[in-house]
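Trainee: I've got a new structure to look at and I'd like to learn how to read it. Could you take me through it step by step?

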Amino acid sequence: MYKEYYGFSEEPFAINPDPRFLYMTPTHAGAMFCMMAGIRDRKGITVVSGDVGTGKTTLIHALLKDLSDKIKTAFVFHTTVGFEDLLRNILLELGVKAGDNLTALIVQFQLYMRERLARDETVAIVIDEGQNLKVDVIEKLFRLFMRESPSARLIQILLIGQLDLEPKLDAIELQAFKGNVTTRYRIDTLDAKECQEYIEHRLKVAGSSGDRIFDPEAVRMIWKFSQGVPRVINLLCDRALLNAYNATRRVIDGTIAKETIYEMSYLRPKGITFYRVQALIDVYRRVIERTMARETTDDGTALRPKTGSFYRRPALLYTALGIVLAGALGIVTLTVLQRDQVIAPPTPTAIVEKAIPTQAKKKQEELLPAVVPGTVITVKKGWTLSLVAQQYYGLANPTVLDVLLEHNPQITDVNQIFADQQMKIPTLTEEMFLGPEADGRYYIYLGTFGDQRSMKALRKNPLLQGKAVETKLRIASSDVLWYRMKASGFSSRGEALLTLRGLKEQGVLPAFTASAE
C-alpha cells in the first residue's frame, strides 16, 4: 500500500526469510562462520541458538545458497515429529525415496551414505526449529551420527533453534550428544547502532532513494522496545510506514513510533530469562512424574500403602515434595534473574589454549629466554603463541595475539606455531594503535575481542562520544573468531593520542591491561 508513496520496489520489512535482505552484524557473521566451518571442515555437530526472530532461518537460506555441490543438504523444519518421520523427511530432502517403516528407512540411509563415501561427499543435516525436537528424537539422531562406519564421519548435523533449545540439551539423556557438540553459538540481538544500520540496509535493498525515512528518535524507540530482535523491528517498521502513509507523513518521527509501539505492545520479546525459568519448571514437573511413577506397579495400578506408614497418604508426600521443590525453584530463579541483570548473553569466546597446570606452565616458561619486546626469537618445541605473549608482555588476550599475528604473517593459525620458526616480538607502543585515514583524519585501534560484551561497554565510553566506532570480523583460525574494533573521525593525531591515553588510564584497552578482554 505504501510502496509507491515511498518509492519502494518491494516491501522493505517483510518477515519472510530472504537472503537479499540479510544484514551481517558481527554476531550474525560469527554464526555464519561457525555453520559454514562446521559443515566444510566436517566438525560433526554444530548448535546455533537465538531468540525468536533474530534471523536464524534467513542465515540458513544464505548458507544453503553458498554451499558447494560436494555437500548434499537436507533442510528440515518440521520438528514436532517422531524419529521415523524425521528420518523420512531427511531422506526425501536428499532425493531418496523413503521406505514404509523405520528399518527400511535406516537401510536406505546407510546405502545413501555409502554412495556419498565413494564420492567423498559431505551430507549436512540442517534442522531448524530444533527446540521442538523431543529428547528421544535427538538421542536417536545422535546414534545414527555415531555409528561405527566409515561413512558416519560424512554426516554433519547443524541444529538451529530458539533459546529454549539450550536447556533442552542439558537433559541427562543428552549428555553424550552434548559432549560431541564441537561448536555452540548464540546469535545476539542488535545494539542501537546496528538497529539503525539494519533499518537503513533494508530500506536501501527495497529501493529507497536515500532520504531519511526513520528519524533517530523513532529508531531509538523501536530498538528499545524490540530489544534488538530483527523480526520485531520489521513488524514495527512496517506498521510505522503504514501509519505514516495514512497520515501523509514522509518521515517517521518519535510520535508515529510511539503510536505504533502502543498498537503493537503485544510484540515485546520474552528474552533468555523466560526460557531459563521454563526449563526449571520442566525439571520440577519431571521430578514429580518420576516420583509418581514409582508409586505404581508394572501394570499401572497404584501400590497399596503400607499400614501405619507415612506413605498411606501419598497426596501429603507430593504436597511436601512440591513445597520443597518450589522453594528451590524460587531460589534458583532469583539467582538466574540477578545474573541476567549483570551478564549479557554470551557469544562464543575464542579459546586459544586449554588451561595449563601450574607446574607444567612453570616448566614451559623455563623454555623461554629472557628476551625483551622489539626483537626476533626462534620458536622452540612446546611453545604456544599464548605462552610467548604471556612471557614477553605479561598478558595473552586476543588483542596481543592479534598484534603478534599481524607482525608475523607466516603464522596462519593462532593455535599453532612451529619449532625453529622465526618470530618478531614487536614493542607495544601508543603509536602502534594510531593511524591516518584517507580523508586526513585519524583513527584509534581499540583492540581485538573474543566476545561482544566488552565491545559494547567500550562503544558507550564517553571519550568516544561522537566518533564512528567500527567492528570487523577477524578469523584467527578455523575455529577461533575475533572482532577488531576501531574508532575513527579524530581531527588530528593529537586528539587521537589524547583519547587513547584517556582510555588507557581507564584500563579499558586490552593491549595495556591484563584484565581487559
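Trainee: What share of the contacts between residues at least 6 apart in sequence join residues at least 24 apart?

Mentor: For contacts, look at how far along the chain the two partners sit. Here 71% of the contacts between residues at least 6 apart join residues at least 24 apart in sequence. Keep in mind that this is a predicted model.

Trainee: How many helices and strands does the protein chain have?

Mentor: Start by counting elements. The chain comes to 19 helices and 11 strands. Of its 517 residues, 45% are buried.

Trainee: Now the sheets. In what order do the strands of the parallel sheet run?

Mentor: With a sheet, read off the strand order and then the sense of pairing. This open sheet has 5 strands, ordered E2-E3-E4-E1-E5, and the pairing is parallel. Strand E2 (71-76) and strand E5 (181-187) are the edge strands, each pairing on one side only. From one strand to the next, the twist averages 15°.

Trainee: How many bridges pair E1 with E4?

Mentor: Strand E1 (residues 45-50) and strand E4 (residues 155-161) pair in the parallel sense over 5 bridges. You can spot Val48 opposite Ile160 in E4. Then check what lies across the sheet: helix H5 (residues 102-119) lies across E2, strand E3 (122-127) and E4, at about 130° to E3.

Trainee: And the other sheet, with 4 strands: is the pairing parallel or antiparallel?

Mentor: Antiparallel, in an open sheet ordered E8-E9-E11-E10. Strand E8 (434-436) and strand E10 (468-477) stand at the edges with a single partner strand each, so one side of each has no neighbour in the sheet. The twist here averages 30° from one strand to the next.

Trainee: Which way do side chains point in a strand?

Mentor: In a regular strand, they alternate between the two faces of the sheet.

Trainee: Let's zoom in on E9. How many of its 8 residues are buried?

Mentor: To judge a strand, ask how covered it is and who its partners are. E9 is mostly covered, with 6 of its 8 residues buried. Strand E9 (residues 442-449) pairs with strand E11 (residues 480-490) in the antiparallel sense over 7 bridges. Take Ile444, whose bridge partner in E11 is Ala487. Another pair to find is Gly447 with Met485 of E11.

Trainee: What joins E9 to E8?

Mentor: 3 bridges do, and the two strands run antiparallel. Ile444 turns up again here, as the bridge partner of Leu434. E8 and E9 form a hairpin with 5 residues between them, and Gly440 in the turn has a positive phi of about 95°.

Trainee: Which strands does helix H19 lie across?

Mentor: When a helix meets a sheet, note the strands and then the angle. Helix H19 (residues 493-506) lies across E8, E9 and E11, running at about 30° to E9.

Trainee: What about two helices together: at what angle do H16 and H17 pack?

Mentor: Compare their directions, then the distance between axes. Helix H16 (residues 385-393) and H17 pack at about 105°, with axes 10 Å apart. The two are therefore roughly perpendicular to each other. H16 brings Leu385, Ser386, Ala389 and Tyr393 to the contact, while H17 brings Val400, Leu401, Leu404 and Leu405. Those residues divide into 7 nonpolar, 1 polar and no charged.

Trainee: Which residues touch the most other members of the largest nonpolar core?

Mentor: In a core, look for the members with many neighbours. This one has 66 residues, and Leu385, Tyr393, Met423 and Leu446 touch the most other members. Leaving aside neighbours within four places in sequence, the contacts of Leu446 include Leu458, Val469, Met485 and Leu503. There is also a second, separate core of 35 residues, with Ala74, Phe83, Leu86 and Ile138 among them.

Trainee: Last one: where is Leu428, and is that residue buried or exposed?

Mentor: Leu428 is in the loop between strand E7 (422-425) and E8. Its relative accessibility is 19%, so Leu428 counts as buried, the cut-off being under 20%. Beyond four places in sequence, Leu428 is in contact with Tyr393, Val400, Val403, Ala511 and Phe512. Leu428 and Val403 are 25 residues apart along the chain, with 8.7 Å between their C-alpha atoms.

Terms used. Residues are numbered from 1 along each chain as its sequence is written. This is a predicted model: local features need pLDDT of at least 70, side-chain atom pairs count only at pLDDT 80 or more; totals for chains, interfaces and linings use all residues. Side-chain values use heavy atoms; hydrogens and water are left out. Two strands pair if DSSP finds at least two bridges between them. Axes are lines fitted to C-alpha atoms, for helices over the stretch in contact, and angles run from 0 to 180 degrees between N-to-C directions. Contact means heavy atoms within 4.5 Å. Buried means under 20% relative accessible area, exposed over 50%, partly exposed in between (1.4 Å probe, protein chains only). Angles under 35 degrees count as roughly parallel, over 145 as roughly antiparallel, 65 to 115 as roughly perpendicular and the rest as oblique. Ala, Val, Leu, Ile, Met, Phe, Trp, Tyr, Cys and Pro count as nonpolar, Asp, Glu, Lys and Arg as charged, and the others, Gly among them, as polar. A nonpolar core is a set of buried Ala, Val, Leu, Ile, Met, Phe, Trp, Tyr and Cys residues joined through side-chain atoms within 4.5 Å.
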